[in-house]
Amino acid sequence: METRAGDPGAFARFDLNRVDSPAFVVDAARLRHNLGVLADVRDRAGIKLLAALKAFSMWRVAPLIGRHLDGVCTSGLWEARLASEHYSGEIATYCAGYKAEDLPEICRLSDHVIFNSPGQIARFGDCLAAARVRGERFDVGLRINPQFATGEVPRYDPCAPHSRLGFPIDQLRAEHLDGVSGVHFHTLCEQDFTPLQQTWNALRPLLAPHFGRLQWLNFGGGHHITRADYQRDELVAFLQQVRADTGCDIYLEPGEAVALDAGILVGSVLDVQHNGMPVAITDISATCHMPDVIEAPYRPAMLGERTDGDDPVRLGGPSCLAGDVIGDYVLPGACEPGARFAFLDQAHYSMVKTTTFNGVPLPSIWLWDSETDTLERVRRFSYEDFRDRLS
Ligand SMILES: Cc1ncc(COP(=O)(O)O)c(C=O)c1O
């Protein structure tokens, strides 16, 4: 899979020795830039824009997100709790499968509770009615599956055959929307505007009979809006037109676009040896700190990577997994024990997906502001954080 981010931005002048290793460093100025771009699209299009916590939930910067966007979208009870404790604005919760014991609190915390199937809505009917009797105010939404695949990689395409995500649109009947205020679909991954438009063109005739009873439409995430070459003017015109056409409020809930190119992962070389090529062990593990490198798979861009013909070094983590390999790189300086390096665009997904497999320490989290050059360590993880997850 090709990743289309990797702009070093202000990190090009960040001294990697200012932080401990490994460490995520997030640039508040770049976040402000991204949030400004998203807020501008929101204002011009007259829509609502939520930040997807699943992609980036460094709640230290929640006030910044709240100043720009309309709220957050969450994936279940724990993210909804985090949202209600730290973030401001609306909370839209979608979960593929709710548990009966979680739903009352989710209804209390969320403005939109979005279900994956009409079957779940019907099964939880009493629970939803009881929440309303208690005075809780929330809309029920239904995630549909447009059955219109636009992704390159089936693993990241909720419209791939036999997908479990969303109710197949060809099964939707009017009675499935009883008590439903809005329809949600999420089908994109790091995509441009055209696939959204194509999806809507395919979906519109099938949804049109229901427009009169729907109050909102949520077009999910996967819109790479903050990438420099994204077609923002076309998106704005499209959203204005959908609003006029359907009479619905429109929501977008990007995650990656909020933190695109806003963070790096700093690491150090621990050892180098030769096995047909130079191989280095580093304190960054693909499997523990950047699992998408293996899962997607993709090759993360390195800050200041040289392309001058020198032999590349194969970089991998300290874990026991033979496949804990990040990739082959020519470091900006000599590849020797103690050398620092950093991977670009690691603030979204990498940070939320870290694990301590093999007892590998979690990276610290630092907040830098490239405009003021202030640098603060927000969190350092201890042995106790590792231990307390295990017994
Ligand atoms: C339902 C839903 N909304 C929003 C998002 C955020 O997507 P992205 O981070 O690609 O913008 C996702 C990502 O998987 C999602 O599943």
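Helices and strands here are DSSP runs, numbered from the N terminus, with at least four residues for a helix (H or I) and at least two for a strand (E). With that in hand, let's walk through this predicted model, beginning with a small enclosed space and ending at the ligand.

A search of the whole structure turns up one cavity of 30 Å³ or more, and its volume is about 40 Å³. Two strands, β3 (71-74) and β4 (90-94), each give at least two residues to its lining. The largest share, three residues, belongs to β4. If you would like to find the spot on screen, look for Lys 54, Cys 73, Thr 74, Ser 75, Ala 92, Thr 93, Tyr 94, His 184 and Glu 253, which line the cavity. By class, this lining divides into three nonpolar, four polar and two charged residues.

Glu 253 is a handy link to the ligand. Besides lining the cavity, Glu 253 is among the residues that come nearest to the ligand, together with Gly 222, Gly 255, Glu 256 and Tyr 349. The whole shell counts 13 residues, made up of four nonpolar, five polar and four charged ones. Two glycines offer polar backbone atoms here: one of Gly 222 lies 2.8 Å from an oxygen atom of the ligand, and one of Gly 255 also lies 2.8 Å from a ligand oxygen. The side chain of His 186 takes part too, with an N or O atom 3.5 Å from an oxygen atom of the ligand. On its own the ligand has 400 Å² of accessible area, and the protein covers 87% of it.

Now turn to the second largest pocket, which has a volume of about 910 Å³. Of its 25 lining residues, Ser 57, Trp 59, Met 351, Ile 365 and Phe 381 lie nearest the centre. The lining has 15 nonpolar residues, alongside four polar and six charged. Several elements contribute at least two residues each: α3 (77-86), α12 (350-353), β17 (374-379) and α13 (383-387). Among the contributors, α3 provides the largest share, with three residues.

Ile 365, one of the residues nearest the pocket centre, also leads us to a hairpin. Strand β16 (residues 364-369) runs antiparallel to β17, and five bridges join the two. Within this pairing, Ile 365 has Arg 379 of β17 as its bridge partner. Four residues sit between the strands of the hairpin, where Asp 373 adopts a positive phi near 65°. The β17 strand of this hairpin is therefore a good place to finish, as it is one of the elements that line the second largest pocket, by DSSP numbering.

How values were computed. Residues are numbered from 1 along each chain as its sequence is written. This is a predicted model: local features need pLDDT of at least 70, side-chain atom pairs count only at pLDDT 80 or more; totals for chains, interfaces and linings use all residues. Side-chain values use heavy atoms; hydrogens and water are left out. On a 1 Å grid over the protein atoms alone, a cavity is a set of points where a 1.4 Å probe fits but cannot get out, and a pocket is an open set with protein on both sides within 12 Å along at least five of seven lines; lining residues have an atom within 4 Å of a point. Grid points are joined across faces, edges and corners, and a volume is the space filled by probe spheres set on the points. Ala, Val, Leu, Ile, Met, Phe, Trp, Tyr, Cys and Pro count as nonpolar, Asp, Glu, Lys and Arg as charged, and the others, Gly among them, as polar. A residue is near a molecule or strand if one of its heavy atoms lies within 4 Å of it. A polar contact is a pair of N or O atoms within 3.5 Å; within protein, one must be able to donate a hydrogen and the other to accept it, and residues adjacent in sequence count only if both atoms are side-chain atoms. Accessible areas come from the Shrake-Rupley method with a 1.4 Å probe; for residues, only the protein chains shown count as cover. Two strands pair if DSSP finds at least two bridges between them.
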